[in-house]
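Let's take a walk through this fold, starting with the overall picture and then stopping at a few spots that reward a closer look. Keep the viewer open as you read.

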Amino acid sequence: MTICYRRMSAKIENDDEEYYSSLQKYSTLYRILLSRPYFTETTFNKWNRIDLKLVNELGLTLTHFQKMNCFLEVNCQLLVERNGQFKTCTEYRIQCRPLQHDAWEFTANSGIAGFHHDAEGDFEYMISTVDEEILLESNERCYIQISPLCKSNLLIQAFPLVIGPITIKEQSIVNTWNQDDSTVVSQDIYHAYYVEEDVFMLIKENWELGTPGKVWDSALVISQLFSDKIKSDPSQFKHHRILDLSAGTGCVGLLMALLYRKNITNLPQITMTDLPEALDLIYQNRAANHLESYTKVQALRWGNYNDVQCLLRDGSINTIIASDVIYEPASFPKLVQTLDWLSESVETKIDIFLGYKRRGLSREDEQSFFDICAEKFVITILPSQSNHEGWILGSGFSDIFEETGVNIYQLVRK
């Protein structure tokens with residue numbers, strides 16, 4: 001009996017290793033997150049510590065092999081919210097350096113700002129004025145973008161993190177010892193997306209919310225796809241109604257709206273949906289980017305006919321975008337039924353773009369979804385695009401999207 005138990009334990013352990021190995025397989029784009037809160041108040045010419053960690057989209061840390069080969073240096077730039085836009089701050093400069101340790105403090109610090117042989121890293125930053133006579137207005141808020149120094153030979157790639165807003169005071173009145181003071185400590189994190197030269201979109205994440213609280217790889221790839229479409233032909237979605245299904249953070253729909261903000265004549269009607277309890281983060285991100293007049297937010301529960309009918313009262317849907325919605329086999333029939341209801345009343349062809357990458361689902365579960373889907377829709381895998389109209393994550397990420405394992409499927413109702 002003991003032998004059988006040991007064999008069973010060994011099998012379970014091997015199965016666990018294989019499972020986590022499969023989850024790591026396509027984790028080529030890591031996230032820089034906070035490992036502890038940061039102070040939201042500082043003074044000019046003062047060094048401030050930031051502690052970070054590296055995880056993939058599922059929250060899994062680096063493997064032992066990845067840690068041993070991890071060398072990811074970071075740098076910083078300042079963004080400022082001004083006149084309803086996030087732009088590069090030119091009034092202040094920011095310096096970034098490796099964390100400075102006391103002589104008595106034991107540390108294996110490698111002397112770089114960032115990560116070295118570890119999934120946890122750190123650095124210090126200091127903000128100073130370019131011209132002491134020129135300061136930001138009181139209503140202009142600063143954010144710090146923490147970006148990896150992208151190099152083609154790096155094993156670990158991660159896209160930038162943004163923290164803030166940071167209040168900068170002229171005199172040292174910040175309490176640097178009281179970590180419990182909620183007025184000066186925050187764990188708020190964002191990601192910045194390049195919209196056009198010197199203009200960014202900021203998307204707040206809240207990983208404690210689970211699935212809807214973060215930007216998944218498929219959302220990044222599908223955002224890039226529609227960014228390219230809009231920039232190459234802004235009029236192709238004119239008079240269209242676009243639905244961002246289970247929008248999560250609202251990243252895809254908000255990026256599209258922001259790209260159209262200066263071209264209002266071609267602006268489509270963009271509606272972002274999710275579960276009622278998941279809408280608050282979308283509202284927050286819409287307000288942060290001042291896109292209330294350009295988008296709608298509405299609750300939509302899969303398989304709920306009343307929710308679908310309420311949504312269709314504003315008109316038929318022309319395009320549906322759904323990223324990373326294939327993860328729970330029990331929900332597959334409701335998801336396909338919802339897509340069918342949304343498209344059955346459309347006189348012209350409706351385009352459905354579905355972003356998906358393999359993670360924890362078995363091949364049988366994946367096939368079951370596409371079998372259900374094929375009863376109602378013709379399914380086509382879109383080829384990956386090599387030419388892009390500017391990268392939404394900035395330079396240095398040109399090869400990453402092709403390595404994420406994300407496929408974009410186009411569904412057309414039979």
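## A walk through the chain

Let's begin with K357, and with one thing to keep in mind: this is a predicted model. The residue sits in strand β20, which spans residues 351-357. You might look for a lysine out on the surface, but K357 counts as buried because its relative accessibility is 2%, under the 20% cut-off. What does its side chain meet in there? There is a polar contact of 3.1 Å with the side chain of E57, and another of 2.9 Å with the side chain of D217.

Now zoom out. The chain is built from nine helices and 22 strands. Of its 414 residues, 50% are buried. If you take the contacts with a separation of 6 or more, 78% of them are between residues 24 or more positions apart. As for the outside, the chain exposes about 20,300 Å², with carbon and sulfur atoms supplying 47% of that area.

Next, find helix α6, residues 305-312. Its buried residues are D307, V308, L311 and L312. Why do they end up on the same side of α6? Because they cover an arc of only 130° around the axis. As for what they pack against, the partners are the strands β16 (241-245), β17 (269-274) and β18 (295-299), along with helix α7 (332-344). Have a look at the start of α6 too: there, a side-chain oxygen of N304 comes to within 3.1 Å of the backbone nitrogen of N306.

From α6 it's an easy step to α7 and its aromatic company. F332, in helix α7, and F369, in helix α8 (residues 363-374), are both buried. F332 and F369 also belong to a cluster, linked by ring pairs, that takes in F370 and Y409.

Rings turn up elsewhere too, as a search of the whole structure finds 10 aromatic pairs. One of them is Y143 with Y190, an edge-to-face pair with 5.6 Å from centre to centre and 85° between the planes. Y143 is in strand β10 (residues 141-148) and Y190 in strand β14 (residues 189-196), so this pair ties together parts that are 47 residues apart in sequence. Both tyrosines are tucked away: Y143 is buried, with a relative accessible area of 3%, and Y190 is buried as well, at 11%. Now go back to F332 and F369: their ring centres are 5.2 Å apart and their planes are at 70°, so this pair is edge-to-face. It links distant parts of the chain, with F332 in helix α7 and F369 in helix α8 (residues 363-374), 37 residues apart.

Some rings have a charge for company instead. The charged end of R97 sits over the ring of W47, 3.9 Å from its centre. K214 does likewise with W207: its charged end sits over that ring, 3.9 Å from the centre.

Next stop, the loop between β9 and β10, where you'll find E140. Buried or exposed? E140 is buried, because its relative accessible area of 17% falls under the 20% cut-off. Its side chain makes a polar contact of 2.9 Å with the side chain of R82. A polar atom of the E140 side chain also lies 3.0 Å from the backbone nitrogen of E137. Leaving aside neighbours within four places in sequence, E140 is in contact with V80, E81 and R82.

Let's finish with some backbone geometry. Most residues other than glycine have a negative phi, and most peptide bonds are trans. Where does this chain depart from that? H117 has a positive phi, near 55°, and is not a glycine. Its place is in the loop between β8 (114-116) and β9 (120-129), and at 39% relative accessibility H117 counts as partly exposed. S246 is another non-glycine with a positive phi, about 50°. This serine is in the loop between β16 and α4 (251-260), and at 17% relative accessibility S246 counts as buried. Finally, the peptide bond that joins G164 and P165 is cis, with omega about 0°. P165 itself is in strand β12, residues 161-169.

Definitions and conventions
Residues are numbered from 1 along each chain as its sequence is written. This is a predicted model: local features need pLDDT of at least 70, side-chain atom pairs count only at pLDDT 80 or more; totals for chains, interfaces and linings use all residues. Side-chain values use heavy atoms; hydrogens and water are left out. Buried means under 20% relative accessible area, exposed over 50%, partly exposed in between (1.4 Å probe, protein chains only). Helices (H or I, at least four residues) and strands (E, at least two) are DSSP runs, numbered from the N terminus. The arc is that of the directions from the helix axis to the C-beta atoms. Contact means heavy atoms within 4.5 Å. A polar contact is a pair of N or O atoms within 3.5 Å; within protein, one must be able to donate a hydrogen and the other to accept it, and residues adjacent in sequence count only if both atoms are side-chain atoms. Accessible areas come from the Shrake-Rupley method with a 1.4 Å probe; for residues, only the protein chains shown count as cover. Rings of Phe, Tyr and Trp (its six-membered ring) pair if their centres lie within 6.5 Å; planes under 30 degrees apart count as stacked, over 60 as edge-to-face and the rest as tilted. A charge sits over a ring if NZ of Lys or CZ of Arg is within 6 Å of the ring centre and within 35 degrees of the ring normal.
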